[in-house]
Number of protein chains: 2
Amino acid sequence: MEMISQNKCFGGQQAVYKHTSAVCGVDMTFAVYLPPQAKQESVPVLWYLSGLTCTHENAMTKAGLQEYASKHGIALVFPDTSPRGDGVADDDAYDLGVGAGFYVNATQDPWKKNFQMYDYVVKELRSVLQGAFPICECHGITGHSMGGHGALTIALRNPSLFKSVSAFSPIVNPTRSDWGRKQLSAYLGDDEALWAEYDATILLRERGWHGDILIDQGADDQFIDLLRPEAFAEAAAAKRQPSTLRMHAGYDHSYFFVASFAAEHVEWHARRLKASKRQGRSTNE
Amino acid sequence: MEMISQNKCFGGQQAVYKHTSAVCGVDMTFAVYLPPQAKQESVPVLWYLSGLTCTHENAMTKAGLQEYASKHGIALVFPDTSPRGDGVADDDAYDLGVGAGFYVNATQDPWKKNFQMYDYVVKELRSVLQGAFPICECHGITGHSMGGHGALTIALRNPSLFKSVSAFSPIVNPTRSDWGRKQLSAYLGDDEALWAEYDATILLRERGWHGDILIDQGADDQFIDLLRPEAFAEAAAAKRQPSTLRMHAGYDHSYFFVASFAAEHVEWHARRLKASKRQGRSTNE
């Protein structure tokens, strides 16, 4: 693991690393923010999964999460959105291939060689982080757009690994959307039954979630028809799923929206992760 | 108008009045809370409509709204849930007739003579309040269960009269629920097309709302299947309606739930009503 950069930020350290991913078969870049509290103790960690066309960098520089992570004493991790570099398959469209991993394990050529983003996040990077940084086993996950899809689906499928989940403007029903059908078909093949594991609305309906879920959405989001918030809203209410679903007048799909509600998401996770950490500690005592 | 009782409460006055309702054809009781600020200036007012079996009294004594109304400087009004007394039609069931007005204008016998709760709230009591108390024309409305249904339907049909709306555990889709079909049939007759004017989900879908909407719901509400929050959640998201819909783990249908979130509802309304009052004032200047 090689450090690419490090900058002091809100009393803590914002760093970027490169490592060789066995799962994706290429070097992958990710960013970690450690709050000042991490000098004294292991801290909970909040994953932030980014959207289409993004790298680890967009949220790190534009979402403004570090201020609140510092205040609440939690770490942040920003993975990349796909493998990239020489030999990695790509497509001319911005929404397939590089920058558009959709957090799935591809089973189809030419994608399956490198596009294993689900396992990369859930298994490999998680393990790397746990060994390298002063973080405890209290993980929360959030994300934006395609990354909101990643956060919800990964959490719903791994309730023992993730204690809290939220999302900004997530793609919540990709099996019924042009942001989803094309990619799931390319990565997983034509058997739509296999797509269900990557659809937050279907997963919620079938499995529920052990905690509560926070989702913020801009009412003037230019991509809202592709996100299908109505499908998740109906499923959450029908499931009696503890949740807070907010539709905000005037906000669009940009990072200006994410930044506007970053404080509340970090606080939401921090409260739940710290409660989980306390509970773990008292169980051990 | 006769004052029945008056008690000092959080620096203001909680009073109960009786007046003769021309619309309902009987004497009606209602309660008004005036915050201390009402001694100096006209204040915004938040209506609270109660649920099945309630009178003006339940929320007045159990919801704990006065503390926050005092803090934010807004008045509260608690109407009764139906006409009652000698000569008023009733039914053996708790959910029809006295205590179960559903905030409709009945067109069918034996109800139509007295059960005109929609007009009573929207026209008559509103006019009575405006003439008798130091309140400005900034009205918000909330309610619980059948009263949440009343609040949502009355606001959605009268966007110029109400600046803000929220609800606790509302009946949101009575045309598809046993808390609704029986009553709408009795009060309005069998033509279901006429029921749509009293269904918040249908009204929202057709008309939208000029502001944002706050709804809190208990996930362990024993009546939740009758409330149908999934119908309103789907409609709100599909409409891209600015809204905050919260499903709270562990809470039931009782006033212990209402009281737990009373502070947030009063603050929600106070912010919007005061902004509306400021805007009105600057328009007049």
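**Figure 1. The lining of the largest pocket draws on both chains of this predicted model.** β9 (243-248) and α9 (255-284) of chain A, together with β9 and α9 of chain B, each supply at least two residues of the lining of the largest pocket. Helices (H or I, at least four residues) and strands (E, at least two) are DSSP runs, numbered from the N terminus. The lining comprises 35 residues, and T244(A), R246(A), E264(A), R246(B) and E264(B) lie nearest the centre of the pocket. On a 1 Å grid over the protein atoms alone, a pocket is an open set of points where a 1.4 Å probe fits, with protein on both sides within 12 Å along at least five of seven lines; a cavity is a set from which the probe cannot get out, and lining residues have an atom within 4 Å of a point. About 1200 Å³ of space lies in this pocket, where grid points are joined across faces, edges and corners and the volume is the space filled by probe spheres set on the points. Residues are numbered from 1 along each chain as its sequence is written, and chains are lettered from A and ligands numbered from 1 in the order in which they are written. Because the model is predicted, local features need pLDDT of at least 70 and side-chain atom pairs count only at pLDDT 80 or more, while totals for chains, interfaces and linings use all residues; side-chain values use heavy atoms, with hydrogens and water left out.

**Figure 2. A salt bridge crosses between the chains at E230(A) and R240(B).** The two side chains meet at 2.8 Å, N to O. The pair runs from R240(B), in the loop between α8 (229-238) and β9 (243-248) of chain B, to E230(A), in helix α8 (residues 229-238) of chain A. A salt bridge is a side-chain nitrogen of Lys or Arg within 4 Å of a carboxyl oxygen of Asp or Glu. Both R240(B) and E230(A) are buried; buried means under 20% relative accessible area, exposed over 50%, and partly exposed in between (1.4 Å probe, protein chains only). A network of salt bridges links these two residues with D225(A) and R228(A). Helix α8(A) itself is mostly covered, with eight of its 10 residues buried, among them P229(A), F232(A) and A236(A).

**Figure 3. Two further salt bridges involve the loop between α5 and α6, one in chain A and one in chain B.** The whole structure holds 28 salt bridges over all chains. In chain A, the side chains of R181(A) and E192(A) meet at 2.7 Å, N to O. R181(A) belongs to helix α5 (residues 181-188) and E192(A) to the loop between α5 and α6 (200-207), 11 residues apart. R181(A) counts as partly exposed because its relative accessibility is 32%, and E192(A) is partly exposed at 40%. In chain B, the closest N and O atoms of R157(B) and E197(B) are 3.4 Å apart. R157(B) lies in helix α4 (residues 146-157) and E197(B) in the loop between α5 (181-188) and α6 (200-207), so this pair ties together parts that are 40 residues apart in sequence. E197(B) is partly exposed, with a relative accessible area of 28%.

**Figure 4. D216(A) and H269(B) are buried residues with polar side-chain contacts.** A polar contact is a pair of N or O atoms within 3.5 Å; within protein, one must be able to donate a hydrogen and the other to accept it, and residues adjacent in sequence count only if both atoms are side-chain atoms. D216(A) is found in strand β8 (residues 213-218) of chain A and is buried, with a relative accessible area of 0%. The side chain of D216(A) makes a polar contact of 2.7 Å with the side chain of H265(A). Not counting residues up to four places away in sequence, D216(A) also touches R246(A), H248(A) and F261(A), among others; contact means heavy atoms within 4.5 Å. H269(B), in helix α9 (residues 255-284) of chain B, counts as buried at 0% relative accessibility. The side chain of H269(B) makes a polar contact with that of S164(B) at 2.7 Å.

**Figure 5. F232(B) belongs to the largest nonpolar core.** This core has 140 residues, and those with the most contacts inside it are W47(A), Y187(A), F232(A), W47(B), Y187(B) and F232(B). A nonpolar core is a set of buried Ala, Val, Leu, Ile, Met, Phe, Trp, Tyr and Cys residues joined through side-chain atoms within 4.5 Å. Leaving aside residues up to four places away in sequence, F232(B) touches L152(B), V172(B), A200(B), T201(B), L204(B), I213(B), I215(B) and L245(B).
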